[in-house]
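I opened a fresh page for this structure and wanted to put down, step by step, what I looked up in it. My plan was to begin with charged side chains and then to work outwards to the whole fold.

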Amino acid sequence: MKRRILFFFMSAAVLLCDQLSKHWAATTLNGPYGPTRELKVIKNLLSFAYTQNWGIALGLLGDGGLPTKWILVAVSSVAVIFVTGYLLRASKNDKLLMTALSLLLAGILGNLLDRLLHGYVIDFITFHHNEWTFPVFNLADTAISIGAGLMAIDLFRSKHSEYADHHQAGSRDRC
């Protein structure tokens with residue numbers, strides 16, 4: 001049980017970093033009496049600029065109004081319950097899966113908290129090069145993306161291991 005608690009602490013730490021970074025963006029980059037300030041971190045590559053995302057990833061469904069907000073809150077709440085349940089049932093020895101679930105939980109909670117507190121998600125990280133710009137995101141989005149990637153790796157690793165075990169057992173039966 002102690003190992004599982006460490007993964008929940010990981011989620012809490014990522015969630016705290018996400019919320020602190022969003023607070024920083026909202027207070028530092030969002031001028032109360034003027035336009036949003038852009039902070040160029042790496043010229044022509046990375047900048048921080050406060051934005052309000054009323055929709056989902058890539059700004060989709062951003063003009064759906066109040067019904068969309070509550071649908072997204074409901075979907076996120078169900079996802080939190082599902083991921084938490086999966087985290088509680090997963091093998092504590094599967095560190096990759098537990099890490100993936102911890103990151104997913106933190107990311108989903110981070111964006112859910114924004115929706116509940118503000119009605120929108122605070123995004124502020126932008127990658128760009130010349131005319132190309134990647135959609136603005138935040139640390140919660142990053143945690144979700146990394147968590148999903150780790151889950152995919154874990155799934156591939158598990159399926160590959162099952163295939164190897166099955167193939168090996170089949171070759172023993174032929175001997």
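**Entry 1: a charged pair**

I looked up D18 and K22 and found that both of these residues are buried. I note here that the model is a predicted one, so I keep to what was computed from it.

Where do D18 and K22 lie? Both belong to helix α1, and they sit four residues apart, which is about one turn of the helix. I then checked their side chains and found a salt bridge between D18 and K22, in which the closest N and O atoms are 3.0 Å apart. Looking further, I saw that D18 and K22 are joined with D114 in a network of salt bridges. For the whole structure I wrote down four salt bridges.

**Entry 2: R157 and its partners**

Next I turned to R157, whose side chain meets that of D94 in a salt bridge of 3.0 Å, taken from N to O. This pair links distant parts of the chain, since D94 is in the loop between α2 (65–89) and α3, while R157 is in helix α4 (residues 139–174), 63 residues away.

R157 also meets D154 in a salt bridge, here with 2.8 Å from N to O. D154 and R157 are three residues apart in helix α4, so about one helical turn separates them.

I then asked myself which of these residues are buried and which are partly exposed. D94 has a relative accessibility of 16% and therefore counts as buried, because the limit for buried is under 20%. D154 is buried as well, with a relative accessible area of 6%. R157, on the other hand, has a relative accessible area of 42% and is partly exposed.

**Entry 3: the sheet**

How many strands form the sheet, and in what order? I found four strands in an open sheet, arranged β1-β2-β3-β4, with antiparallel pairing. At its edges are β1 (38–42) and β4 (132–133), each of which pairs on one side only.

I followed one pairing in more detail, that of strand β2 (residues 46–53) with strand β3 (residues 121–129), which is antiparallel and runs over six bridges. As one example of a bridge, I noted that N53 has V121 in β3 as its partner. Helix α3 (residues 95–118) packs on the sheet and touches β2 and β3, and its direction makes about 125 degrees with that of β3.

Helix α1, where I had started, spans residues 2–29 and lies across β1, β2 and β3, running at about 80 degrees to β3.

**Entry 4: the whole protein**

Finally I stepped back and counted four helices and four strands in the protein. Read from the N terminus on, the elements follow the order α-β-β-α-α-β-β-α.

Of the 175 residues in the protein, 34% are buried. The protein exposes about 10,900 Å², and carbon and sulfur atoms supply 68% of that area. I also looked up the contacts with a separation of 6 or more, and found that 67% of them are between residues 24 or more positions apart. The link between D94 and R157, 63 residues apart, is one that I had already met along the way.

Methods. Residues are numbered from 1 along each chain as its sequence is written. This is a predicted model: local features need pLDDT of at least 70, side-chain atom pairs count only at pLDDT 80 or more; totals for chains, interfaces and linings use all residues. Side-chain values use heavy atoms; hydrogens and water are left out. Two strands pair if DSSP finds at least two bridges between them. Helices (H or I, at least four residues) and strands (E, at least two) are DSSP runs, numbered from the N terminus. Contact means heavy atoms within 4.5 Å. Axes are lines fitted to C-alpha atoms, for helices over the stretch in contact, and angles run from 0 to 180 degrees between N-to-C directions. Buried means under 20% relative accessible area, exposed over 50%, partly exposed in between (1.4 Å probe, protein chains only). Accessible areas come from the Shrake-Rupley method with a 1.4 Å probe; for residues, only the protein chains shown count as cover.
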